[in-house]
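Reader: I am a first-year student, and I would like a close look at a single part of this model. Could you walk me through it in short steps?

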Amino acid sequence: MPVFNWVALKPSQIDGTVFTELNDEKVLQELDMSDFEEQFKTKAQGPGLDISALKTKATQKAPSKVTLMESNRAKNLAITLRKGGCSMQDICTAIETYDQQALSLDFLELLLRFLPTEYERTLIGKFEREQQPPEELSDEDQFMIRFSKIPRLAERMNVMIFLGNFNDTAQLLMPQLNAIIAASMSLKSSSKLRNILEIVLAFGNYMNSSKRGAAYGFRLQSLDALLEMKSTDRKQTLLHYLVRVITEKYPELTGFHTELHFLDKAGTVSLDSVLQDVRSLQQGMELTRKEFMRQDDSPVLKDFLKVNSEVMEKLQADSKTAKEAYESAVEYFGENPKTSPPTTFFPMFMRFIRAYKKAEQDIELWKKQEAAAKEAESGSPGSEDQPELPIQKVRRQQMDMIAELKKKQMVKEPLIYEGKDGAIEDIISALKTVPFTARTGKRSSRLFCDVSFNEESPL
């Protein structure tokens with residue numbers, strides 16, 4: 001028979017495929033292959049094949065390997081183990097000894113997804129009871145058996161991740177808590193800010209007394225309305241007027257914003273998230289203490305608790321202080337802590353401070369412009385020593401240009417009436433004595449210019 005040129009699968013490649021469900025021996029028993037052999041035999045073919053011998057295959061299918069994990073999960077575990085860069089035994093040993101130098105945090109977080117499930121533990125127990133040879137398992141299944149033997153596996157891995165993240169998380173949370181504390185306390189303790197709000201309240205009550213009646217206070221968002229209210233001539237806002245009043249009547253309040261600290265940093269803090277992170281750190285610390293009590297011979301856990309217990313206590317104290325200071329400040333200014341997070345509360349003061357400084361700059365600029373205008377109108381002698389204003393400079397340049405043009409015109413076309421030495425009288429005499437004709441017209445330029453011309457000169 002000729003050879004059928006196909007691509008055959010290896011015995012190890014048919015696991016889980018359709019071919020494990022097929023029985024080709026049954027087909028050979030049901031069919032008479034003699035006609036097929038006659039039709040497709042080659043010319044050099046010898047005696048016919050023994051069909052009965054063909055029915056018993058020379059090569060038997062290899063038995064399927066035992067699998068403890070679902071195929072896709074096993075593939076993902078294989079990819080993760082390659083990223084670790086360590087042998088399977090070294091990985092398990094590092095977890096048992098809390099060796100953070102051997103395993104990176106990223107690898108631990110990936111490996112945490114492959115904690116043995118209850119079903120996998122059941123299969124592992126069955127495999128061990130049957131005392132099957134480990135060689136029948138894939139590398140991933142062998143790792144899973146060793147992995148599952150680590151005592152308190154989930155707790156150990158969570159502790160290792162907590163140990164690796166603790167310092168970075170603590171250094172990130174402390175400045176945020178300090179900013180909330182400093183900003184809240186500075187707002188509540190600023191006497192200058194209270195006086196400015198008192199002035200705003202007085203002007204607001206004066207404006208609303210005839211229609212709405214007097215108010216005992218106002219919401220902080222009302223500070224933005226100071227920029228919306230404009231004077232009758234539309235040249236200044238209510239905030240500009242208040243700044244003028246404060247500068248003239250209460251100059252000690254002009255630098256009120258110097259009493260307020262860290263408003264910009266506190267305005268970017270999500271206090272709820274920070275407090276939740278502190279609680280998560282506390283839970284991790286408690287888990288670490290429990291692990292140390294179960295395994296007090298671990299130098300890694302012992303050193304960590306010795307160094308970072310005080311850090312954790314300070315974080316807890318600062319989080320409590322920040323929460324109390326913020327809520328106290330928000331309530332002090334008539335706001336609700338539940339509906340006014342730091343990202344909303346502190347920016348209201350920041351906008352007011354920026355607008356106040358801008359109003360101060362506007363007023364200073366207006367004063368300079370008014371002084372310059374008055375000086376230009378008065379024309380005082382001392383104005384020569386002062387720098388020229390833009391309008392004065394333009395006018396001076398225009399006058400210089402006009403004078404230059406006049407000068408050039410005089411050179412090109414001198415006025416005839418500005419002649420000297422009696423030249424005008426000579427020209428008039430020539431016109432009286434010599435009649436103007438086409439002929440004399442051609443020589444008029446010479447006659448007008450020759451001062452020695454007389455009546456007897458031939459034409």
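Author: Start with one definition: a residue is buried under 20% relative accessible area, exposed over 50%, and partly exposed in between. Keep in mind that this is a predicted model.

Now apply the cut-offs to R351. Its relative accessibility is 34%, so R351 counts as partly exposed. R351 has a partner, D224. The two form a salt bridge, and their closest N and O atoms are 3.1 Å apart. In general, side chains of opposite charge can pair when their charged atoms come close. D224 is at 28% relative accessibility, so D224 is partly exposed too.

Where do the two partners sit? D224 is in the loop between α10 and α11, while R351 belongs to helix α15, residues 342–378. The partners are 127 residues apart in sequence, so the pair ties together distant stretches of the chain.

Stay with that loop. It runs between α10 (191–208) and α11 (238–249), and M229 lies in it as well. M229 has a relative accessible area of 40%, so M229 is partly exposed. On the surface, M229 joins Y206 and M207 in a nonpolar patch. Together the three have about 350 Å² of accessible area.

Next comes the helix after the loop. α11 has 12 residues. From its first C-alpha to its last it reaches 16 Å, close to the 16 Å expected at 1.5 Å a residue. Which residues of α11 are buried? They are L238, L239, H240, L242, V243, V245 and I246. These buried residues pack against α10 and α15. So α15 comes up twice: its R351 pairs with D224 of the loop, and α15 also packs against the buried residues of α11.

Look at the α10 side through F203. This residue lies in helix α10. F203 is at 23% relative accessibility, so F203 counts as partly exposed. What does F203 touch, leaving out residues up to four places away in sequence? The answer is Y241, L242 and V245. Of these, L242 and V245 are among the buried residues of α11. L238 is another of the buried residues. The C-alpha atoms of F203 and L238 are separated by 9.3 Å, although the two are 35 residues apart along the chain.

Now set the D224 pair against the rest of the model. How many salt bridges does a search of the whole structure find? It finds 11. Two others lie within single helices. R289 pairs with E286, with the closest N and O atoms 3.2 Å apart. Both are in helix α13 (residues 271–294), 3 residues apart, about one turn of the helix. R289 is partly exposed at 27% relative accessibility, and E286 is partly exposed at 35%.

The other pair is D318 and K314, at 2.8 Å from N to O. Both lie in helix α14 (residues 299–332), 4 residues apart, again about one turn of the helix. Here the cut-offs split the partners. D318 is at 12% relative accessibility, so D318 counts as buried. K314 is at 42%, so K314 counts as partly exposed. Salt bridges with shared partners also join R152, E291 and R294 into one network.

To recap the loop: D224 reaches R351 through a salt bridge, and M229 belongs to a nonpolar surface patch.

Note on methods: Residues are numbered from 1 along each chain as its sequence is written. This is a predicted model: local features need pLDDT of at least 70, side-chain atom pairs count only at pLDDT 80 or more; totals for chains, interfaces and linings use all residues. Side-chain values use heavy atoms; hydrogens and water are left out. Patches are made of residues with over 30% relative accessible area and no salt bridge: like charges are joined within 9 Å, nonpolar side chains (Val, Leu, Ile, Met, Phe, Trp, Tyr) within 5 Å. Accessible areas come from the Shrake-Rupley method with a 1.4 Å probe; for residues, only the protein chains shown count as cover. A salt bridge is a side-chain nitrogen of Lys or Arg within 4 Å of a carboxyl oxygen of Asp or Glu. Buried means under 20% relative accessible area, exposed over 50%, partly exposed in between (1.4 Å probe, protein chains only). The expected span of a helix is 1.5 Å times one less than its number of residues. Contact means heavy atoms within 4.5 Å.
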